[in-house]
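Dear colleague,

I am passing on the structure below, and I would be glad if you read the notes that follow with the coordinates open beside them.

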Amino acid sequence: MYIEEISIVNYKNIAEANITFSSRLNCFIGKNGAGKTNILDAIYYLSFCKSFFTVNDQLNINHDESYFILNGLYQRSDSLETISCGLQKGQKKQFKRNSKVYKKLQDHIGLLPLVMISPSDVELILGGSDERRKFMDGVISQYNQNYLDDLLKYNRALMQRNNLLKHFAADRYFDEELLGIWDNQLVEYGTRIHEQRTEFVRKLIPVFQKYYTFISKGSEEVGLVHQSDLYESDFAQILKNALAKDRAAQYTTVGIHKDDLVLNLGDYPIRKLGSQGQKKTYLVALKLAQFDFIKEISQIKPVLLLDDIFDKLDSHRVEQIVATVAGEQFGQIFITDTDRSHLDSIIQKLDTDFRIFRVETGKVGLEK
Ligand SMILES: Nc1ncnc2c1ncn2[C@@H]1O[C@H](COP(=O)(O)OP(=O)(O)O)[C@@H](O)[C@H]1O
Ligand SMILES: [Mg+2]
């Protein structure tokens, strides 16, 4: 799958751009603040119906304008798809596939698989466990339509159960049967979510290791361990065991909403001991593993966005990465950088179709 053309109107600092892409490698070169990441974000938006950076849609409209419009023309399994999105200030966005408005945005997720590698991925390592759950959930929901639904229902039941625990404490009252209604729901959805996450991590690990070894040309072992209360026993039993604790805490202390991923380099947590370059390598390898995963399940090569790839990595590692993603097993690639000399020396060695675009204060032009 690849994007043939995109047109952008008033998306962040991009006032107007009409770009025809290479089906393989596309590079955006420009100074800091020029709008390179904003273009990647527009591409991201057309796949996920939202920005990579913010849940507040209004922030994506150019400050001086009252709407934005994105249009993408995609080649997907031998058919052309036109995806368009418009957002008017203060209104709900409209998302269309071939001129037909989606009733549910969720129906669009997964149609145009995409993986974004961004400097902000470092939050996966440095941030709280919610970042790592979001990572798992984001990938799984791209290929499993029911997963997101289970997750929403789980979170709703969790909220209800927590409210009830608070009420019980405030009213000095307890009704086990009433609480049981929410327990049953948590168990139903949570068990399925647990199975999906377990399976995902199990399959991800060997691919992740393969990429890490390749990029670092080294022998470091990377580790990725899924931590979950649900490995201890079945979920219903775990809830039962934690009841006294939950009542005291006035919220649900166990469940898949507490899951985490332990990220190791060698025998140590990468958070504490990894250098910046090692962390970045770790994240790139993790995201490339994610790419393989989505590709295998969807049978479509996702679009790959590599934002600020030279940041914090030495040129050897970047060269390894670009050589990898220029290979047959990858599809369309987008790379941003501040300086084209980096990229030129790498691209010269590759036998890949490419285009280079210059980005300057919100304007995009073809350079080669
Ligand atoms: N809604 C918006 N309206 C206008 N400008 C915006 C908006 N959102 C972000 N920007 C501007 O976009 C610029 C950053 O663009 P970005 O794509 O991150 O640059 P880079 O080329 O460094 O990746 C900043 O100058 C920022 O102020
Ligand atoms: Mg940027």
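Which residue follows H9, and what is the sign of its phi? The residue after H9 is Gln299, with a positive phi near 60°. Please keep in mind throughout that this is a predicted model.

To stay with that helix for a moment, H9 covers residues 276–298, and because 23 residues at 1.5 Å a residue should span 33 Å, the 33 Å between its end C-alpha atoms agrees with expectation. H9 is also mostly covered, in that 17 of its 23 residues are buried.

Helix H4 can be described in a similar way. H4 runs over residues 145–171, which makes 27 residues, and it reaches 40 Å from the first C-alpha to the last, close to the 39 Å expected at 1.5 Å a residue. The buried residues in H4 are Tyr147, Asp150, Leu151, Tyr154, Ala157, Leu158, Arg161 and Leu165, and the buried residues of this helix pack against helix H3 (129–143), helix H5 (176–216) and helix H7 (243–249). After H4 comes Arg172, which has a positive phi near 45°.

Next, the sheets. One of them is an open sheet of six strands with mixed pairing, in the order S8-S12-S13-S3-S14-S15; its edges are strand S8 (114–117) and strand S15 (363–366), each of which pairs on one side only. On average, neighbouring strands in this sheet are turned by 20° against each other, direction ignored.

Within this sheet, strand S3 (residues 25–29) runs parallel to strand S14 (residues 354–360), the two being paired over five bridges, and Cys27 stands opposite Ile356 in S14. On the other hand, S14 and S15 pair in the antiparallel sense over four bridges, with Val359 opposite Val364 in S15. These two strands, S14 and S15, form a hairpin that has two residues between them, and Thr361 in the turn has a positive phi of about 30°.

Another open sheet also has six strands, here in the order S2-S1-S4-S5-S6-S7 and with antiparallel pairing; strand S2 (14–20) and strand S7 (100–101) are its edge strands, each pairing on one side only. In this sheet, strand S4 (residues 67–76) and strand S5 (residues 79–88) are joined in the antiparallel sense over 10 bridges, and the bridge partner of Gly72 is Ile83 in S5.

What does H1 touch in the sheet that contains S1? H1 packs on that sheet through contacts with strand S1 (2–11), S2, S4 and S5, and the direction of the helix makes about 110° with that of S1. Helix H1 (residues 36–48) packs on the mixed sheet as well, where it touches S3, S8, strand S12 (303–306), strand S13 (333–337), S14 and S15, its direction making about 155° with that of S13.

Helix H1 comes up once more at the ligand. Ligand 1 is surrounded by 15 residues, the closest being Lys12, Asn13, Lys36, Thr37 and Asn38, and H1 gives the most to this shell, with three residues. By class, the shell around ligand 1 divides into nine polar, four nonpolar and two charged residues.

With best regards

Terms used. Residues are numbered from 1 along each chain as its sequence is written. Chains are lettered from A and ligands numbered from 1 in the order in which they are written. This is a predicted model: local features need pLDDT of at least 70, side-chain atom pairs count only at pLDDT 80 or more; totals for chains, interfaces and linings use all residues. Two strands pair if DSSP finds at least two bridges between them. Axes are lines fitted to C-alpha atoms, for helices over the stretch in contact, and angles run from 0 to 180 degrees between N-to-C directions. Two residues are in contact if their C-beta atoms, placed from the backbone, lie within 7 Å. The expected span of a helix is 1.5 Å times one less than its number of residues. A residue is buried if 20 or more other C-beta atoms lie within 10 Å of its own, exposed if 12 or fewer, and partly exposed in between; C-beta atoms are placed from the backbone. A residue is near a molecule or strand if its C-beta atom, placed from the backbone, lies within 6 Å of it. Ala, Val, Leu, Ile, Met, Phe, Trp, Tyr, Cys and Pro count as nonpolar, Asp, Glu, Lys and Arg as charged, and the others, Gly among them, as polar.
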